[in-house]
Amino acid sequence: MHSYTLIAPAKINLYLEIIGDRSDNYHELAMILQSIDLADEIELHSISTDTIRVHCNHPLVPTDRSNLAYRAAELMATEFPNTFAKYGGVEITITKRIPVAAGLAGGSTNAAAVLVGINLLWKLGLTQSELEELGATLGSDVPFCVAGGTAIATGRGEQLSPLPSLNNIYIVLGKYKSLEVSTPWAYKSYRQEYSDSYIRDSDNLAIRASAVHSGEMVKAILHQDAKEIAQKLHNDLEKVVLPAYPQVLQLRETFANAGVLGTMMSGSGPSVFALCESQEHAEEVKLQVKTATKNEDLELFVTKAIAHGIQIVS
Ligand SMILES: C[C@](O)(CO)[C@H](O)COP(=O)(O)OP(=O)(O)OC[C@H]1O[C@@H](n2ccc(N)nc2=O)[C@H](O)[C@@H]1O
Ligand SMILES: Nc1ncnc2c1ncn2[C@@H]1O[C@H](COP(=O)(O)OP(=O)(O)OP(=O)(O)O)[C@@H](O)[C@H]1O
């Protein structure tokens, strides 16, 4: 095959706890990540010139080297120079449906799709864990985007332990189109304000402390209980993003007033998601929030938890 089409799902953070500082300037995290059925489509074509080309239908997404999908292809070309020379270049076409700079891992899932797709295109035969390892060099969320489903993520977010898949969890997601939050800014602000609470004694202590809290979310997931999951939602980055972005706080309150099971910002924001009892309930909440906010800038999606990461369509 000289071309592949892949589906690249977004993620939400059901749980995000910042445990402490790391010597590499990242933060030590305890997270629970969940793939959702809001997804981009990625087409990969082999081309005869030894170049990487990116096209995207979204005006805010760069098509040069700063695109994470471009960097994923470049990484494969550098890691496997002989194969790159044999197969020629690659053309990547991204159809964006995931809101950009939203805390939904849009760029990361595109990069993950390119790794999975090039592995097939160039018949490299890499395993999922080898692809995850390559992905970690591109960004902390990329390994999870390769694996997908429901998982605990520790370290800087790249160390994954799969959890049982969540079924029938319906979600409404809201994002103001004109609002973007920078992930480095969010972590830097957190460090400035909260580094006193960082656990520095030892890795063991850090892991034990986080296990207590994230463990309650793991239990809720094992029970497949949407209400219990909703009660255990947690995101430390809300502490810095909500005060700086009052619109995000307001959206969270609008969801809460619409009678959802629970609501939380995803990742570094500004997306806010809400867990609902059923698809019908999620549709009702979407309509209620749309009516209450009357804001054309607000995009609302009804989505659901899914059990997979990158999928090959053809
Ligand atoms: C907010 C989340 O999306 C939650 O899943 C992730 O933690 C961020 O994942 P990502 O966008 O893939 O992040 P990266 O590209 O690896 O890092 C972007 C920046 O975020 C900060 N960062 C990220 C991950 C981490 N564990 N600690 C950090 O401090 C660093 O300043 C880094 O320079
Ligand atoms: N393939 C891509 N898709 C979207 N944005 C990209 C891509 N490549 C690079 N970018 C740039 O990365 C920035 C962050 O976009 P992205 O949608 O990945 O954020 P995010 O969902 O907040 O990521 P994360 O949740 O992993 O922190 C954007 O401002 C955009 O310019």
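**Entry 1: the annotated active site**

Before I use any UniProt positions, I note that they are given in the numbering used here, that feature names are shortened, and that annotations may be inferred rather than shown by experiment. I also keep in mind that this is a predicted model. I looked up the feature "active site" first, and UniProt, in an unreviewed entry, places it at Lys11 and Asp141. These two span 131 residues in sequence, yet no two of their C-alpha atoms are more than 9.1 Å apart, so they gather at one spot.

I then took each residue in turn. Lys11 lies in strand S1, and Lys11 counts as buried because it has 28 C-beta neighbours inside 10 Å, where 20 or more are needed. Leaving aside residues up to four places away in sequence, I found that Lys11 touches several others, including Leu33, Gln34, Leu104, Ala105 and Asp141.

Asp141 sits in the loop between H4 and H5. Asp141 has 29 C-beta neighbours inside 10 Å, so I count it as buried. With residues up to four places away in sequence left out again, the contacts of Asp141 are Lys11, Ala105, Ser108 and Gly157.

**Entry 2: helix H4**

Since the loop that holds Asp141 follows from H4 to H5, I looked at H4 itself, which covers residues 128-136. Which residues of helix H4 are buried? I noted Leu131, Glu132, Leu134, Gly135 and Ala136. What covers these buried residues includes H1, H3 and helix H5 (142-147).

**Entry 3: the annotated binding site**

The UniProt annotation "binding site", again from an unreviewed entry, covers a run of residues that I checked in part; among them are Pro99, Ala102, Ala105, Gly106 and Thr109. I picked Ala102 and Gly106 for a closer look.

Ala102 is in the loop between strand S4 (89-95) and H3. Ala102 counts as buried because 26 C-beta neighbours lie inside 10 Å. Not counting residues up to four places away in sequence, Ala102 touches Lys175, Pro270 and Ser271.

Gly106, by contrast, has its place in helix H3. With 27 other C-beta atoms within 10 Å, Gly106 is therefore buried. Its contacts, with residues up to four places away in sequence left out, are Ala10, Asp40, Ile98 and Val100.

**Entry 4: the two ligands**

I turned next to ligand 2, which has 21 residues around it, and of these Asn67, Ala105, Gly106, Gly107 and Asn110 come nearest. The elements that give two or more residues to this shell are helix H1 (68-79) and helix H3 (106-121), and H3 provides the largest share, four residues. By class, I wrote down ten nonpolar residues, ten polar and one charged.

How many residues surround ligand 1? There are 19, and the closest are Gly139, Ser140, Asp141, Arg156 and Gly267. Strand S1 (3-21), strand S2 (27-47) and helix H6 (183-194) each supply at least two residues of this shell. The shell around ligand 1 divides into seven nonpolar, ten polar and two charged residues.

Where does each ligand lie with respect to the domains? Domain 1 and domain 2 both give residues to the shell around ligand 2, so ligand 2 lies between them. The two domains also both give residues to the shell around ligand 1, and therefore ligand 1 lies between them as well.

**Entry 5: how the domains meet**

I looked up the division itself, and the protein is split into domain 1 (3-166 + 308-312) and domain 2 (170-304). Their C-alpha centres lie 22 Å apart, and 27 residues of domain 1 are in contact with 39 residues of domain 2. On the side of domain 1 that touches domain 2, the elements giving two or more residues are S1, S2 and strand S5 (150-155), with the largest share, ten residues, coming from S1. I sorted that side of domain 1 into 18 nonpolar, five polar and four charged residues.

**Entry 6: strand S10**

My last stop was strand S10 (residues 272-276), where five of the five residues are buried, so the strand is largely enclosed by the rest of the structure. Val272, Ala274 and Cys276 point one way from S10, while Phe273 and Leu275 point the other way.

Strand S7 (residues 170-176) pairs with S10 in the antiparallel sense over five bridges, and Gly174 stands opposite Val272. Strand S9 (residues 262-265) also runs antiparallel to S10 and is joined to it by four bridges, with Gly262 opposite Leu275. S9 and S10 form a hairpin with six residues between them, and in its turn Gly267 has a positive phi of about 50°. I had already met Gly267 among the closest residues to ligand 1.

Technical notes: Residues are numbered from 1 along each chain as its sequence is written. Chains are lettered from A and ligands numbered from 1 in the order in which they are written. This is a predicted model: local features need pLDDT of at least 70, side-chain atom pairs count only at pLDDT 80 or more; totals for chains, interfaces and linings use all residues. A residue is near a molecule or strand if its C-beta atom, placed from the backbone, lies within 6 Å of it. Ala, Val, Leu, Ile, Met, Phe, Trp, Tyr, Cys and Pro count as nonpolar, Asp, Glu, Lys and Arg as charged, and the others, Gly among them, as polar. Domain bounds come from an automatic or database domain assignment. A residue is buried if 20 or more other C-beta atoms lie within 10 Å of its own, exposed if 12 or fewer, and partly exposed in between; C-beta atoms are placed from the backbone. Two strands pair if DSSP finds at least two bridges between them. Two residues are in contact if their C-beta atoms, placed from the backbone, lie within 7 Å.
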